[in-house]
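Q: Please take a close look at one place where two helices of this protein pack against each other. I should also like to see how that place fits into the chain as a whole.

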Amino acid sequence: MSTTQIDRPQSAPHVDEPQSPLAALTPEQIEQLGREFDAIHDEVYADLGDRDSRYIRSTIKLHRHLVLAARALLMGSQRRPLWLAGTTALSLAKILENMEIGHNVMHGQWDWMNDPDINSQNWDWDTASPADAWRHSHNYEHHTFTNIRGKDRDLGYEIMRIDPHQKWHPVYLFQPLYNLILMGFFEWGVAVHDLNRAAINSGEKSKEQVVQELKAIGAKARAQIVKDYIAFPALAAFAAFVAGRGSLQSGKRSFKSTLAANFTANIVRNVWSYSIIFCGHFPDQTYTFSQAEVAEETRGGFYVRQLLGAANIDGGPLFHLLAGNLSFQVEHHLYPDMPSSRYAEIAPRVRDICRRYGLPYNTGPLHKQLGTVHRTILRLAFPGGKVRPKPGPYAPS
Ligand SMILES: [Zn+2]
């Protein structure tokens, strides 16, 4: 895989490196730690069954009920309370579908059920990224090369300077601004990012493939525009027209207010998923890695890199559900194929490994994690910048 244009290791500025906690472990300890992490995975997999399949099926059902309720409420979208209730229900439904269902089903977390629909090959989601392109850029690239500079294209998404190792360019002066735009239109940013500009420029990706992927994004865009900005507003307009005994005015108003509700729900979903996902790898606590550092990485070393490169967000069960359990980003990166509903259960065991091996366990409340992410985006818009201080070994409070 090629390096990105904005993060060529040979032109990277010199940055004072914090000592990686991996360096304090002996090869035997790293091997033992790898075995312990493998054991957690195998135990959970051996225990998967009815309880788990009931969970994902009821989550999908909950999503469908939320959509139905939202669409029904928005039939009366001209009335302020119904507009508010409908927009809230639709935003929640879109968030649930994207995070807890889409991301996790497409990861293959539920493939063990052998369900014809709930599996990584057949599932598609209500977002701009075509499933195939996303699976490659996320499941393979990001989860394999997590936080390796020049290899993990999710580090700054090719348009942001999120790590002081990245060479500064005047275009980054505008990143605080386009960061805001990315927040609102995150799904489109991810879709374009999946195209992989560097691979196109280097010729690694053929013209035919690019055309095919652009067509797939076009089809997803068309589906969303038709559904959210034409079909449902038209349906609401028709209902209002009939209820208003042929009043064109009321039909028009209903079309507009339903369209505004759908647009708002898409923006809310985008800001939410952006926030959860940016908190996964960009808070101060996380480490990035040079390619040389990981050249001879063992299984245990891989687990430690995932542990150091990811950060969790504290919260209650509802918060974790709406975050698609990516608030357990650490556990997700250790075990991307494990059903998300199991992350909360294994978190204490992961923390125990951190304690025994003197490793940090990155976590914090949403406002703190997000605050450090935005501070980095602001600071690194300008030249220079230091690696932020890293937490010490995990110690239970
Ligand atoms: Zn993932």
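A: In this predicted model, 74% of the contacts in the protein chain with a separation of 6 or more join residues that are 24 or more positions apart. The secondary structure consists of 14 helices and zero strands, so that every element in the order from the N terminus is written as α: α-α-α-α-α-α-α-α-α-α-α-α-α-α.

The pair chosen for closer study is helix H1, residues 27–47, and helix H10, residues 299–309. Two packed helices are described by the angle between their axes and by the distance between those axes. For H1 and H10, the angle is about 70 degrees and the axes are 7 Å apart. Angles of 65 to 115 degrees count as roughly perpendicular, and H1 is therefore roughly perpendicular to H10.

On the H1 side, the residues that take part are Ile30, Glu31, Leu33, Gly34 and Phe37. They meet Arg299, Gly300, Gly301, Tyr303 and Val304 of H10. Sorted by class, this contact comprises five nonpolar, three polar and two charged residues.

The chain as a whole may now be considered. Of its 397 residues, 40% count as buried. Its C-alpha atoms fill a box of roughly 80 × 55 × 45 Å, taken along the principal axes. The radius of gyration is 22 Å, which agrees with the value near 21 Å that a compact globule with 397 residues would have.

Definitions and conventions
Residues numbered from 1 in each chain as written. Predicted model: local features only at pLDDT ≥ 70, side-chain atom pairs only at ≥ 80, totals over all residues. Axes fitted to C-alpha atoms, helices over the stretch in contact; angles between N-to-C directions. Helix = DSSP H or I, 4+ residues; strand = E, 2+ residues; numbered from the N terminus. Parallel < 35°, antiparallel > 145°, perpendicular 65-115°, else oblique. Contact = placed C-beta atoms within 7 Å. Nonpolar A, V, L, I, M, F, W, Y, C, P; charged D, E, K, R; others polar. Rg over C-alpha atoms; globule rule 2.2 N^0.38 Å. Buried ≥ 20, exposed ≤ 12 C-beta atoms within 10 Å, placed from the backbone.
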